[in-house]
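Subject: Structure handover

Hello,

Here is the structure I promised to pass on. Please open it first, then read my notes below.

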Amino acid sequence: MITTKQRAHLRGLGNALDPVMQIGKEGLTDNSFDAINSLLEARELIKIKVLPTCPQRAREICDMLCQKVGCDPVQVIGSMVIVYKVSTKKGFKHIELI
């Protein structure tokens, strides 16, 4: 669990990111969860765009991701979701939390 101050720091870092994945009319599938988990392992902080054709709202997507993947929600604004999870890779330069 991240603190409020850490979340604010991650929000600042997340604003500069481009979305690395889009969730469309299929919604979240098992393949989506696997792809997001591997993206989080590689980057720790990712931005996801929820398309208007998606059956769920961005907040619901974020909640489902956090339950299934075990990541921390950073920000949900409009159709953008930013999530964070510490990588378990060795020799990886981790994001320094305050």
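Start with the outer side of helix α3. There, on the side away from its buried residues, Q67 and K68 are exposed. Keep in mind that this is a predicted model.

Now turn α3 over. Its buried residues are A58, I61, C62, L65, C66 and V69. Seen down the axis of α3, these buried residues fall within an arc of 130°, so they line one face of the helix. The general rule behind such a pattern is simple: an α-helix has 3.6 residues a turn, so residues three or four places apart point the same way.

What lies over that face? The cover on the buried residues of α3 includes β1, α2, β2, β3 (72-77) and β4.

The length of α3 fits too. With 12 residues, α3 reaches 16 Å from its first C-alpha to its last, close to the 16 Å expected at 1.5 Å a residue. Just after α3 comes G70, with a positive phi of about 85°.

Next, helix α2. At 1.5 Å a residue, its 14 residues should span 20 Å, and the end C-alpha atoms of α2 are 20 Å apart, which agrees. S32, F33, I36, L39 and L40 are the buried residues of α2. Viewed down the axis of α2, they fall within an arc of 130°, so they line one face of this helix. The face turned away from that buried side carries the exposed residues D30, N31 and D34.

Several elements cover the buried residues of α2, including β1 (21-23), β2 (45-50), α3 and β4 (80-84). Just after α2, E44 takes a positive phi of about 75°.

Then look at the two helices together. How do α2 and α3 pack? Helix α2 (residues 30-43) and helix α3 (residues 58-69) pack at an angle of about 75°. Their axes are 11 Å apart. Angles of 65 to 115 degrees count as roughly perpendicular, and α2 and α3 are therefore roughly perpendicular to each other.

Which residues make the contact between α2 and α3? From α2 come D30, F33, I36, N37 and L40. They meet M64, L65, K68 and V69 in α3. By class, this contact of α2 with α3 has 6 nonpolar, 1 polar and 2 charged residues.

Two residues of the contact are worth finding on screen. D30 meets α3 and is also one of the exposed residues of α2. K68 meets α2 and is exposed as well.

Best wishes

Key. Residues are numbered from 1 along each chain as its sequence is written. This is a predicted model: local features need pLDDT of at least 70, side-chain atom pairs count only at pLDDT 80 or more; totals for chains, interfaces and linings use all residues. Side-chain values use heavy atoms; hydrogens and water are left out. Axes are lines fitted to C-alpha atoms, for helices over the stretch in contact, and angles run from 0 to 180 degrees between N-to-C directions. Helices (H or I, at least four residues) and strands (E, at least two) are DSSP runs, numbered from the N terminus. Angles under 35 degrees count as roughly parallel, over 145 as roughly antiparallel, 65 to 115 as roughly perpendicular and the rest as oblique. Contact means heavy atoms within 4.5 Å. Ala, Val, Leu, Ile, Met, Phe, Trp, Tyr, Cys and Pro count as nonpolar, Asp, Glu, Lys and Arg as charged, and the others, Gly among them, as polar. The expected span of a helix is 1.5 Å times one less than its number of residues. Buried means under 20% relative accessible area, exposed over 50%, partly exposed in between (1.4 Å probe, protein chains only). The arc is that of the directions from the helix axis to the C-beta atoms.
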